[in-house]
Amino acid sequence: METNIVKCDDGYQLERQGQPVAKITTYRNPYHLQNCYLKFDQAEITAWEKACQAQHEQHEGEESFDLFRYIATAENSPLQVMLSSGEKEKAEFLAAHGFNKLRMCYELSVKQSDLKPACQRERTGGTGRTRETGRNERTEGECVSIKRAIAGEAAYAACGELLYEYYRATHAPISPLTVSLEQFLEDLPIEVFYSGTNGQVSQAAFVEENEIAYVCSRDMDKFTAFAQNVVDKLFKRYQSIFFEADDVDPAGMALKGLFAVAEQETFDTWVYRVAKLN
């Protein structure tokens, strides 16, 4: 039973006896061009591989066909698959085929009541001042003054430059950033909260309505207090806020750490690399 793989415009077609039986779609992310992204139906791929294996068993001494190595070599790049953590069978399939899970992304929608007890605040009177509840008091050294900037302002550009360098550093081991600073800035939300000293931005959080789209820091010791101030401001505007946090992003995980939320599904990044290509 003859099996074959054919390159097509948007990926690879897997054939058996000249008939298409499965499709692996490939695409590129302009922000992360180094990796080739894949989409496929696992059941179709498994059926084709079984037929392929049976074909090779009929030819003693012939090396078995490695589908993903073939594609990685043809594309001259690592392969990347984005997967929900709930897709356990497909995750096992990827692991068995040489993929490694390199990143988990949490998506959170939270309310003020979801803040951990140590982070909860009660408003006092009409002055706008706040105080910690419980036994954990915020010390003077933990107070972080934050400012706001919008696109077009010098402070906004400085925040964008910090985020660009931070984003590039946290993504480099998985899928390096491949756009210029100028292009990166064009796609950011127009509003940012930030803090810093001596004219240098140390922390930044780009927001769009009730979403915290990006966070970054060059001083993680002060980031948690900064993040607390940002969410306090947003909760004055909105009943709930939304953000994503990658487990490889210290600032994102510190933001997540402010909230007591149940464990949930994650959106995971799986990468296949061929040694000679990397």
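A residue counts as buried here when its relative accessible area is under 20%. By that yardstick, 42% of the 278 residues of the protein are buried in this predicted model. The secondary structure adds up to seven helices and 14 strands. Contacts reach well along the chain, too: taking those between residues at least 6 apart in sequence, 65% link residues at least 24 apart.

Starting at the N terminus, strand 1 (residues 3-8) pairs with strand 2 (residues 11-16) in the antiparallel sense, over six bridges. These two strands make a hairpin with two residues between them, and valine 6 has glutamine 13 of strand 2 as its bridge partner. Strand 2 then carries on into another hairpin, with strand 3, again with two residues in between. In that turn sits glutamine 17, whose phi is positive at about 55 degrees. Strand 3 covers residues 19-29 and runs antiparallel to strand 2, joined to it by six bridges. Within this pairing, leucine 14 faces alanine 22 of strand 3.

Further along strand 3 comes threonine 26. Its relative accessibility is 13%, which is under the 20% cut-off, so threonine 26 counts as buried. Setting aside neighbours within four places in sequence, threonine 26 has contacts with Asp10, Gly11, Tyr12, Cys36, Tyr37, Leu38 and Glu75. One of those partners, cysteine 36, is itself buried, because its relative accessibility is 1%. Cysteine 8 is another matter: at 22% relative accessible area it is not under 20%, and therefore it is classed as partly exposed. As for cysteine pairs, a search of the whole structure turns up zero disulfides.

Strand 6 (100-111) has pairings with two other strands to report. It runs antiparallel to strand 14, with five bridges between them, and here lysine 101 lies opposite tryptophan 270. Strand 6 also runs antiparallel to strand 13, this time through seven bridges. Two positions pin down that second pairing: glutamate 107 has glutamate 244 as its bridge partner in strand 13, while valine 110 stands opposite isoleucine 241. Strand 13 pairs with strand 12 as well, but in the parallel sense and through two bridges. Isoleucine 212 is bridged to phenylalanine 243 of strand 13.

What lies inside? In soluble globular proteins, nonpolar side chains tend to be buried together. The largest nonpolar core of this model has 44 residues, and Phe184, Ile212, Val231 and Phe259 have the most contacts inside it. Each of the following supplies at least two of the core residues: strand 6, helix 4 (154-171), strand 10 (191-197), strand 11 (200-208), strand 12 (211-217), helix 6 (223-237), strand 13 (240-246) and helix 7 (250-256). Phenylalanine 184 gives a feel for the packing: leaving out residues up to four places away in sequence, it touches Tyr31, Gly160, Leu163, Tyr164, Tyr167, Leu177 and Val179. A separate core of 25 residues lies apart from the largest one, and includes Ile5, Cys52, Leu67 and Val274.

Next, the pockets. The largest one has a volume of about 670 Å³. It is lined by 28 residues, of which Cys105, Tyr167, His171, Glu244 and Asp246 are the closest to its centre. Two of these have already come up: Tyr167 as a contact of phenylalanine 184, and Glu244 as the bridge partner of glutamate 107. Two or more lining residues come from each of strand 4 (32-40), strand 5 (79-84), strand 6, helix 4, strand 12, strand 13, helix 7 and strand 14 (267-272).

Finally, there is isoleucine 150, found in strand 9 (residues 147-150). Despite being a nonpolar residue type, isoleucine 150 is not classed as buried, because its relative accessibility of 33% falls between the 20% and 50% limits and so makes it partly exposed. Apart from neighbours within four places in sequence, isoleucine 150 is in contact with Tyr156 and Ile190. Its C-alpha atom lies 8.9 Å from that of phenylalanine 193, a residue 43 places away along the chain.

Notes
Residues numbered from 1 in each chain as written. Predicted model: local features only at pLDDT ≥ 70, side-chain atom pairs only at ≥ 80, totals over all residues. Heavy atoms only, no water. Pairing = 2+ DSSP bridges. Helix = DSSP H or I, 4+ residues; strand = E, 2+ residues; numbered from the N terminus. Core = buried A, V, L, I, M, F, W, Y, C linked by side-chain atoms within 4.5 Å. Buried < 20%, exposed > 50% of the residue type's maximum accessible area, 1.4 Å probe, protein only. Contact = heavy atoms within 4.5 Å. Disulfide = S-S within 2.5 Å. 1 Å grid on protein atoms, 1.4 Å probe; cavity = no way out; pocket = protein on both sides within 12 Å on 5 of 7 lines; lining within 4 Å. Points joined across faces, edges and corners; volume = space filled by probe spheres on them.
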